[in-house]
Amino acid sequence: MNAQGEDEDYWNVSDSKAYNFDEDDVTSEASYEDFPQSDFPLNLLISDQDLQMILEEQSRQDVLPRNVSQEEELRFLRRKFQEERNPPPASVILSRLLIGRHVQLEVYKTLAQKTELLDEAIASGSGDAILRVVLFLNRTLKRRIVYQLLQSRPEAVSHFTNYLSTRLQVQECVDLWTMLGKPHEAAMLQYRLAVSTSNADLKRRKLSKVHNDYFLQPGAPIFHTRFVSDQLSLLEWQATEALADKTVLESLYHACERHKWTDSKSLSPGNPYNMARKYQISASQFEWIALNERARSKAWKDLDALFERKTFIKSSFAIHIPLDKVVLRLHQLEAPVPVLNAFLARIDDTPKRLTLARKVGAVRSVIDCLVALKDKAELLTVRNSLEQGTPDRFYADNCLEGLNSKWSAESIKVSIKK
C-alpha cells in the first residue's frame, strides 16, 4: 500500500479521531444557527468575507447529488474547477475542517499556500487539524522542505512525532529528530523502544547499539550516558547469572545469596557492596535487602558482618534502618532469641525497648529493661512466671539479687550520711 493509502486508512479507521474527514455525511453538517448565540462580536473572530464564504459553502453539497439536471451538474463542476484554480483562503478551509466538513487539501499547490495552511492549523490549536495538514505536506513536499517548515513549529513536530511513534514508524521519526538538530530526542526514542523489548538477549543487543550509536557520541548528556551504561552492565551481568531481566534490587538480592560475606573487599561485579556503589543503591535499601536474604538463609552470624564497621582501633555498629523495624522483621523470619536480644540492646530508649522485647518474647531483654528502670515489683512478677531451672529463671534470680544488693548498699549510704 502506498503512503497516501496508509494515511487515508488511518483517518478512516482510527478510533481516536475527533472528526471524519473523508465521509460525505450530509446529516452531520453544522449550520450557523446550530452555534450558541452570544453578544461577542463575530467579526473579531473571522472576517465578513470569510464568514460569507463559509455560509455559502454550508448550503452546498460536496458531492454531486443524484438525479440532478444537466444545468446543476454543470454548476457543480464549474465550482469544483474554480476551487482547483483558486482555492479558498486557508482560514476558510480550516474552518470547514474544524466543523467536520469534507475538505480537499490537494487544491493548495504552492509552497506559500501550504505554509499558510500549516500556520492556520497551528493557530487553531486543534491537534487533529495540525496532524492532517502535516501529513498532507509530508505527502506532497520533499522531505527536506517538510523538515524546514517543522524546524520553527514545535507544535507540529510534537503531533507528527507522536503519530509516527504510534504507528511504529521509528526510523522516520528518528530521521526527523536528527534533521531538526535534536539527536537527544532521537536517542531517547531508540532507548524507549530498546527497553520495551521483552526478550532479555534482544534487549541487551538493542541497548548496546543505542549506547554506541547515540550515548557515546560527543554532546550526549553525561547523566543519561552513565545511566544507559550502567543498565547495559547490569543486563550483561544478569546474562552470566541466568537471571531473566530482573530489577536492580532483585539482582542485589541474588548477589547476596551468592556472596561470601567474609570477603567484603572482592572486586567482583557480583559483590553486593560493589553493586550498591555502582547502581547507587541507598544504604537503607542495601541493608534491608541483605538483612532479609541473610535471615531467610538462616545465616545469622553474617548479620554481624553486615552492621559492624571494623577499624584498626575498634569496631562500631552502624545501621540506616529503624531498629524496631529490624527486630520485628527478624522475629517474623524466626530469628533466634539471642539475635533479637543483640539488636534490642542497641535501642537506647528503655521503655520503647521493653515494649518491643515483650512483643517478640525476648525475656532477657525484658529483664534487662526492668533492671535499668529499677522496677523490682515487675521484675519479681516476671521471675515468678518463669519455669524453675531454666536459664532465663536463673538469669532473673541473679538480676533480682543484684538489684536487692544495690538497694541495700544505697540504704546503708543514706543512713551513714544521716
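## Leu344 and its surroundings

In this predicted model, Leu344 is found in helix α18, which covers residues 337-344. The relative accessible area of Leu344 is 0%, and because the cut-off for a buried residue is under 20%, Leu344 counts as buried.

When residues up to four places away in sequence are left aside, Leu344 touches Val327, Arg353, Leu356, Ala357, Val360, Ala362 and Ser365. One of these partners, Ser365, stands 21 residues from Leu344 in sequence, while the C-alpha atoms of Leu344 and Ser365 are 7.0 Å apart in space. Another of the partners of Leu344 is Val327, a residue that also appears within the range of helix α17, residues 323-332.

## Helices α15 and α17

Helix α17 (residues 323-332) is paired with helix α15 (residues 283-296), and the axes of the two helices come within 10 Å and cross at roughly 25°. Because angles under 35 degrees count as roughly parallel, this crossing makes α15 roughly parallel to α17. The handedness of the crossing of α15 and α17 is right-handed.

On the α15 side the contact is made by Trp288, Leu291, Asn292, Ala295 and Arg296, and on the α17 side by Lys325, Val326, Arg329 and Leu330. Sorted by class, the residues in the contact of α15 with α17 comprise 5 nonpolar, 1 polar and 3 charged.

## Arg153 in a loop

Which helices flank the loop that holds Arg153? Arg153 is found between α7 (143-151) and α8 (154-166). The relative accessibility of Arg153 is 14%, and Arg153 therefore counts as buried, given that the cut-off is under 20%.

The contacts of Arg153, not counting residues up to four places away in sequence, are with Thr115, Leu118, Asp119 and Ile122.

## The protein as a whole

The secondary structure of the protein comes to 22 helices and 2 strands, and among these helices are α15 and α17, described above. The protein has 418 residues, of which buried residues make up 37%; Leu344, with a relative accessible area of 0%, is one of the buried residues, and Arg153, at 14%, is another.

The accessible surface of the protein comes to about 25,000 Å², and 53% of that surface belongs to carbon and sulfur atoms. With regard to contacts between residues at least 6 apart in sequence, 52% of them join residues that are at least 24 apart.

How values were computed. Residues numbered from 1 in each chain as written. Predicted model: local features only at pLDDT ≥ 70, side-chain atom pairs only at ≥ 80, totals over all residues. Heavy atoms only, no water. Axes fitted to C-alpha atoms, helices over the stretch in contact; angles between N-to-C directions. Helix = DSSP H or I, 4+ residues; strand = E, 2+ residues; numbered from the N terminus. Parallel < 35°, antiparallel > 145°, perpendicular 65-115°, else oblique. Left-handed = near helix turned anticlockwise from the far one by under 90°. Contact = heavy atoms within 4.5 Å. Nonpolar A, V, L, I, M, F, W, Y, C, P; charged D, E, K, R; others polar. Buried < 20%, exposed > 50% of the residue type's maximum accessible area, 1.4 Å probe, protein only. Areas by Shrake-Rupley, 256 points an atom, 1.4 Å probe, with all protein chains shown as cover.
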